[in-house]
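Me: I am new to reading protein models. Can we go through this one in short steps?

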Amino acid sequence: MRLNPIGLALDMTGDAASRVGEDRFDGVIFDMDGTLVEPLLDFAGIRSRLGVPPGQGILEAIEAMPPPQRSGASRWLVGQELAAAAEAKLMPGAAEAVEAIRRAGLKTALMTRNTRRAMEIVLTKLSLRFDLAWSREDGPVKPSGDGIVLVCRQMGVLPRRAACVGDFEYDVLAANAAGAYSILLASGERPSWADQARCVIKSLFEMPGVLGISGAP
Ligand SMILES: [Mg+2]
């Protein structure tokens, strides 16, 4: 908790937090779909096809299916994910943000609920480099904070000195649960749950400013 000169606690949420001085973060964890790469997965279509009820995650719904149905649904989902990965395109400012963060000496990680093969296709296709890349085969997935804690541990970064950027509520919930700094990328309409994030940005070009690092090459 930071105190101002007369001893009152500073509100470290929202825009105020984006003005925190340098040396606040040691690592940044990026979400993949809809954050680093253009949203190509049709989540509404996938939910409809698999009959996933509102409020339940797609992976969690598949996990809860009886075995024969589960394996068919899982195979079908992976097919969708691989097809989307093959078409992946960087979001505006993604390459610049990752490069600026690496140049500033911060650790970088990619963390996705996507499957490992799709993640590796995206990383290769777009020539993205991270200190660590974590798919759903690698351990706990968002919205649990456990995966964030493990990723931070592997990067040698304290969760409270890590920033996590993502475009979905699960990204924000996971970051908050881990004690990391949650950054919501809301390039379109601001979602109803946006206030759960510590900081909301409209573009990845805002990342250096939020992190207190230089964006210039
Ligand atoms: Mg996403």
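Me: Where is Pro 143 found?
Reply: First, a caution: this is a predicted model. Pro 143 follows Lys 142, and the peptide bond from Lys 142 to Pro 143 is cis, with omega near 20°. Most peptide bonds are trans. As for its place, Pro 143 sits in the loop between strand 3 and helix 7.

Me: How many helices and strands does the protein chain have?
Reply: The protein chain has 217 residues, and 36% of them count as buried. Among contacts between residues at least 6 apart in sequence, 58% join residues at least 24 apart. The elements of the protein chain are nine helices and six strands.

Me: In what order do the six strands stand in the sheet?
Reply: The six strands form an open sheet, and the pairing is parallel. Neighbouring strands of this sheet are turned by 20° against each other on average, direction ignored. Read across the sheet, the order is 3-2-1-4-5-6.

Me: Which strands stand at the edges of the sheet?
Reply: An edge strand here has a single partner strand, so one side of it is left without a neighbour in the sheet. The order 3-2-1-4-5-6 shows which strands come at its ends. They are strand 3 and strand 6 (199–201).

Me: How many residues of strand 2 are buried?
Reply: Strand 2 covers residues 107–111. Lys 107, Ala 109 and Met 111 point one way, Thr 108 and Leu 110 point the other way, and all are buried. Strand 2 is therefore largely enclosed by the rest of the structure. The count of buried residues in strand 2 is five of the five.

Me: Which residue of strand 2 is the bridge partner of Ile 29?
Reply: Strand 1 (residues 27–30) and strand 2 run parallel, and four bridges join them. The bridge partner of Ile 29 in strand 2 is Ala 109.

Me: And on the strand 3 side, which residue is the bridge partner of Ala 109?
Reply: Three bridges join strand 2 to strand 3 (residues 132–134), and these strands run parallel. Leu 110 of strand 2 stands opposite Ala 133 in strand 3. For Ala 109, the bridge partner in strand 3 is Leu 132.

Me: Is the crossover from strand 2 to strand 3 right-handed or left-handed?
Reply: Leu 110 stands opposite Ala 133 in strand 3. The chain goes from strand 2 through helix 6 (residues 116–125) to strand 3. This β-α-β crossover is right-handed.

Me: Is Ser 127 buried or exposed?
Reply: Ser 127 is found in the loop between helix 6 and strand 3. Its phi is near 55°, a positive value in a residue other than glycine. Most residues other than glycine have a negative phi. Ser 127 has 8 C-beta neighbours inside 10 Å, so it counts as exposed.

Me: Which residues does Ala 85 touch, not counting residues up to four places away in sequence?
Reply: Ala 85 lies in helix 4 (residues 67–86). It has 25 C-beta neighbours inside 10 Å, so it counts as buried. Ala 85 and Glu 120 are 35 residues apart in sequence and 8.7 Å apart in space, C-alpha to C-alpha. The residues that Ala 85 touches are Ala 118, Ile 121 and Val 122.

Me: Which residues is Val 98 in contact with, leaving aside its neighbours within four places in sequence?
Reply: Val 98 lies in helix 5 (residues 94–103). Val 98 counts as buried because it has 22 C-beta neighbours inside 10 Å. The C-alpha atoms of Val 98 and Val 28 are separated by 8.9 Å, though these residues are 70 apart along the chain. The contacts of Val 98 are Thr 108 and Leu 128.

Me: At roughly what angle do the axes of helix 7 and helix 8 cross?
Reply: Helix 7 covers residues 146–155 and helix 8 covers residues 169–178. Their axes come within 7 Å. The crossing is right-handed. The angle is roughly 65°.

Me: How do the residues of the contact of helix 7 with helix 8 divide into nonpolar, polar and charged?
Reply: Gly 147, Ile 148 and Val 149 come from helix 7. They meet Ala 174, Ala 175 and Ala 178 in helix 8. The residues of this contact divide into five nonpolar, one polar and no charged.

How values were computed:
Residues are numbered from 1 along each chain as its sequence is written. This is a predicted model: local features need pLDDT of at least 70, side-chain atom pairs count only at pLDDT 80 or more; totals for chains, interfaces and linings use all residues. Helices (H or I, at least four residues) and strands (E, at least two) are DSSP runs, numbered from the N terminus. A residue is buried if 20 or more other C-beta atoms lie within 10 Å of its own, exposed if 12 or fewer, and partly exposed in between; C-beta atoms are placed from the backbone. Two residues are in contact if their C-beta atoms, placed from the backbone, lie within 7 Å. Two strands pair if DSSP finds at least two bridges between them. A crossover is right-handed if, with the strands pointing away from the viewer, the path from the first strand over the helix to the second runs clockwise. Axes are lines fitted to C-alpha atoms, for helices over the stretch in contact, and angles run from 0 to 180 degrees between N-to-C directions. A crossing is left-handed if the near helix is turned anticlockwise from the far one by less than a right angle, and right-handed if clockwise. Ala, Val, Leu, Ile, Met, Phe, Trp, Tyr, Cys and Pro count as nonpolar, Asp, Glu, Lys and Arg as charged, and the others, Gly among them, as polar.
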